[in-house]
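Thanks for sharing this one. Here are some notes to read alongside the structure, set out as numbered points.

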Amino acid sequence: MDVNNIMEKMVWDNLDSVLARNPDFCACERCKADMVAYALNHIRPKYVATPKGEVYAKADYLDNTMRVSLIASLAEAVRVVNAHPRH
């Protein structure tokens, strides 16, 4: 049985929209991976083991607090990685 942190998929899914607001920032694959890693290290993980658990966890995303936290972590990640890119 697989256990997945669904926050990882949600961070990846939202990264391009955050980067679109900052067109001058680097969007190479290395920087994007660093941004996702940074953001994931600053938000609470949500692990699921079943598709039903994934549906429940994603429903939590409808809560504004969780969505704002995710977007804020991503925005900070974009800023930090672009200040010190490793590419």
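**Notes on the model**

1. Let me start with a single residue: Asp-34 sits in helix H2. With a relative accessibility of 16%, Asp-34 falls under the 20% cut-off and therefore counts as buried. Setting aside residues up to four places away in sequence, Asp-34 touches Val-81 and Arg-86. It may be worth having these residues on screen together as you read on.

2. A word on confidence, since this is a predicted model. The mean pLDDT of the protein chain is 90, and 99% of its residues reach 70 or more. Helix H2, the home of Asp-34, is where confidence is highest, at a mean of 97. At the other end, helix H3 (residues 51-60) has the lowest confidence, with a mean of 81.

3. Now the overall layout. The protein chain has 4 helices and 2 strands, and their order along the sequence is β-α-α-β-α-α. The C-alpha trace spans about 40 × 30 × 20 Å along its principal axes. Among contacts between residues at least 6 apart in sequence, 79% join residues at least 24 apart.

4. Next, the inside of the fold. Of the 87 residues in the protein chain, 32% count as buried. The largest nonpolar core has 22 residues, and those touching the most other members are Met-10, Val-11, Leu-15, Met-35, Leu-70 and Leu-74. Helix H1 (6-20), helix H2 (29-40) and helix H4 (64-83) are the elements that each give two or more residues to this core. H1 gives the most, with 7 residues.

5. Val-11 is a good place to look at that core from. Which residues is Val-11 in contact with, leaving aside its neighbours within four places in sequence? They are Val-36, Ala-39, Leu-40, Ile-43, Leu-70 and Leu-74. Of these partners, Leu-70 and Leu-74 are also listed among the core residues that touch the most other members.

6. Asn-5 deserves a look too. Asn-5 lies in strand S1 (residues 4-5). Is Asn-5 buried or exposed? Its relative accessibility is 18%, under the 20% limit, so Asn-5 counts as buried. Beyond its neighbours within four places in sequence, Asn-5 is in contact with Leu-40, Pro-45, Lys-46 and Tyr-47. Asn-5 and Ala-49 are 44 residues apart in sequence, yet their C-alpha atoms are 9.1 Å apart in space.

7. Two histidines make a helpful pair to view. His-42 is in the loop between H2 and strand S2 (47-48) and is partly exposed, with a relative accessible area of 47%. The C-alpha atoms of His-42 and Ala-72 are 9.8 Å apart, with their positions 30 residues apart along the chain. His-84 belongs to the segment after H4; its relative accessibility is 61%, over the 50% limit, so His-84 counts as exposed. From His-84 to Thr-65, 19 residues apart along the chain, the C-alpha separation is 29 Å.

8. Last, the surface and the charges. The protein chain exposes about 5,700 Å², and carbon and sulfur atoms supply 54% of that area. How many positive and negative side chains does the protein chain have? There are 11 positive and 11 negative ones, and the centres of the two sets lie 3 Å apart.

Definitions and conventions: Residues are numbered from 1 along each chain as its sequence is written. This is a predicted model: local features need pLDDT of at least 70, side-chain atom pairs count only at pLDDT 80 or more; totals for chains, interfaces and linings use all residues. Side-chain values use heavy atoms; hydrogens and water are left out. Buried means under 20% relative accessible area, exposed over 50%, partly exposed in between (1.4 Å probe, protein chains only). Contact means heavy atoms within 4.5 Å. Accessible areas come from the Shrake-Rupley method with a 1.4 Å probe; for residues, only the protein chains shown count as cover. Lys and Arg count as positive and Asp and Glu as negative; His and the chain ends are not counted. The place of a charge is taken as NZ of Lys, CZ of Arg, CG of Asp or CD of Glu. A nonpolar core is a set of buried Ala, Val, Leu, Ile, Met, Phe, Trp, Tyr and Cys residues joined through side-chain atoms within 4.5 Å. pLDDT is the predictor's confidence in each residue, from 0 to 100.
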